[in-house]
Amino acid sequence: MLSDNYTDLLKYFSIAIEEVVHTMAGFEISASKDPSFFLRDDSPRISGLMLLPSSKNAILSITVSLESASILVSYMTGIPVDELKEEDLYDGVIELVNMIAGRAKSLLIDTTHSFGLTAPFAIYGRDYELVLKKNVSNLSKKYVSGDLEIGFGIFFM
Amino acid sequence: MKILSVDDSSIVRKIIRGAAEVLQYDLLEASDGSEALEILKSNAKDIELILLDWNMPGMNGYDFLKKVKSHPDYKKIPVMMVTTESEKENIVKAIQAGASHYMTKPFSIEELIKRILECLGKGES
């Protein structure tokens with residue numbers, strides 16, 4: 001069970017992800033009522049990740065389908081979906097997780113939470129899941145906007 | 001008329017390219033400070049603005065900024081930091097090192113265009 005502190009942390013990360021997606025791609029996303037972190041289907045997906053070093057280290061993750069990544073990156077760059085290359089999608093998701101971490105860090109400046117930023121990276125594949133060991137604390141939510149789905153999670157080490 | 005974008009994210013450079021095209025500037029791109037220094041060697045006279053990320057592999061933005069601001073041929077080129085680093089001490093550090101403007105990510109294309117115009121002395125401060 002997470003302490004109130006970590007629940008509070010989720011609030012700031014939620015603000016960060018909503019702000020970043022809206023500012024960069026123009027989408028108003030909202031937390032899905034579906035409590036599952038995982039995407040609806042087993043289509044190819046990209047996860048952007050960043051290690052957040054802190055007194056309690058964590059990994060920040062966002063996961064989107066290839067289709068959602070294409071939509072997001074197209075809106076971010078103004079490049080039509082059919083002109084985007086795969087590396088554009090990986091880089092786009094990586095940059096989104098970079099911005100989310102950076103924005104959350106700035107929102108948390110006057111709180112007791114602080115963490116460093118590290119080099120973000122992405123993994124890509126089909127039908128993979130992030131599997132946690134028992135009792136690993138985590139905060140996770142799914143965000144949606146129309147057909148767009150973003151799985152968001154913070155996993156404490 | 002040219003703008004130099006220094007960022008390890010090709011997506012950020014693509015976004016900046018969109019803004020540069022709106023403003024009818026050519027965009028030169030580098031993925032880190034070392035690459036940017038090479039570009040400056042043969043293009044410095046034409047570059048009116050450098051948009052600079054902070055955290056990059058290889059030579060990071062801060063180290064690149066210090067080199068640019070200590071070089072007689074480059075030091076007058078205005079530099080705007082475009083970065084996720086938002087802590088006051090980092091902003092102060094960059095300004096003290098010679099950055100004339102600072103913009104944090106995320107940013108809208110409209111904000112980017114507005115800030116570029118300010119850097120070029122063509123917009124409202």
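Angles of 65 to 115 degrees between two helix axes count as roughly perpendicular. Keep that in mind for the first stop. One thing before you click anything: this is a predicted model.

**Stop 1: where chain A meets chain B**

Select helix α3 of chain A, residues 86-107, together with α1 of chain B, residues 10-22. Their axes come within 8 Å and cross at roughly 90 degrees, so α3(A) and α1(B) are roughly perpendicular to each other. Now show the side chains. On the α3(A) side you'll want Asp88(A), Asp91(A), Gly92(A), Glu95(A) and Met99(A), which meet Ser10(B), Ile11(B), Val12(B) and Lys14(B) of α1(B). Colour them by class and you get three nonpolar, two polar and four charged residues in this contact.

**Stop 2: a serine in chain A**

Stay with chain A a little longer and pick Ser68(A), in helix α2, residues 66-77. Is Ser68(A) buried or exposed? Its relative accessibility is 4%, so Ser68(A) counts as buried. Setting aside residues within four places in sequence, look for its contacts with Asp147(A), Leu148(A) and Glu149(A).

**Stop 3: helix α2 of chain B**

Hop over to chain B and select α2(B), residues 33-43. Highlight Gly33(B), Ala36(B), Leu37(B), Ile39(B), Leu40(B) and Asn43(B), which are buried. Turn the view until you look down the axis: these buried residues fall within an arc of 165 degrees, so they line one face of the helix. What do they pack against? Add strands β1 (2-6), β2 (26-30) and β3 (47-52), plus helix α3, of chain B, and you have the partners of that buried side. On the face turned away from the buried side, pick out the exposed residues Lys41(B) and Ser42(B).

Then zoom in on the start of α2(B). There, a side-chain oxygen of Asp32(B) comes to within 3.1 Å of the backbone nitrogen of Ser34(B).

**Stop 4: two helices running alongside**

Next, select α3(B), residues 61-69, and α4(B), residues 88-97. How do these two lie relative to each other? Their axes come within 9 Å and cross at roughly 20 degrees. Angles under 35 degrees count as roughly parallel, and α3(B) and α4(B) are therefore roughly parallel to each other. The residues to show are Tyr62(B), Leu65(B), Lys66(B) and Lys69(B) in α3(B), which meet Lys93(B), Ala94(B) and Ala97(B) in α4(B). By class, this contact has four nonpolar, no polar and three charged residues.

**Stop 5: Glu48(B) and Tyr25(B)**

Go to strand β3 of chain B and click Glu48(B). With 29% relative accessibility, Glu48(B) counts as partly exposed. Now add Tyr25(B), which is 23 residues from Glu48(B) in sequence and 9.4 Å from it in space, C-alpha to C-alpha. Their side chains are joined by a polar contact of 3.0 Å. Beyond four places in sequence, the residues touching Glu48(B) also include Met1(B), Lys2(B), Ile77(B), Pro78(B) and Leu120(B).

Close to Tyr25(B) in numbering is Gln24(B), in the loop between α1 and β2 of chain B. Gln24(B) isn't a glycine, yet has a positive phi of about 60 degrees. Its relative accessible area is 68%, so Gln24(B) is exposed.

**Stop 6: Thr83(B) and a cis proline**

Select Thr83(B) in strand β4 of chain B. At 0% relative accessibility, Thr83(B) counts as buried. A polar atom of the Thr83(B) side chain lies 2.9 Å from the backbone nitrogen of Glu85(B). Leaving out residues up to four places away, Thr83(B) touches Asp53(B), Trp54(B), Tyr102(B), Met103(B), Thr104(B) and Lys105(B).

Use Lys105(B) as your stepping stone: a cis peptide bond joins Lys105(B) to Pro106(B), with omega at about 5 degrees. Pro106(B) sits in the loop between β5 and α5 of chain B.

**Stop 7: helix α5 of chain B**

Follow that loop into α5(B), residues 109-119, where Leu112(B), Ile113(B), Arg115(B), Ile116(B), Glu118(B) and Cys119(B) are buried. Those residues pack against β1, α1 (10-22), β3, β4 (79-83) and β5 (101-104) of chain B. End the tour just after the helix, at Gly121(B), which takes a positive phi of about 75 degrees.

Note on methods
Residues numbered from 1 in each chain as written. Chains lettered and ligands numbered in written order. Predicted model: local features only at pLDDT ≥ 70, side-chain atom pairs only at ≥ 80, totals over all residues. Heavy atoms only, no water. Axes fitted to C-alpha atoms, helices over the stretch in contact; angles between N-to-C directions. Helix = DSSP H or I, 4+ residues; strand = E, 2+ residues; numbered from the N terminus. Parallel < 35°, antiparallel > 145°, perpendicular 65-115°, else oblique. Contact = heavy atoms within 4.5 Å. Nonpolar A, V, L, I, M, F, W, Y, C, P; charged D, E, K, R; others polar. Buried < 20%, exposed > 50% of the residue type's maximum accessible area, 1.4 Å probe, protein only. Arc of directions from axis to C-beta. Polar contact = N/O pair within 3.5 Å; in protein donor to acceptor, adjacent residues only side chain to side chain.
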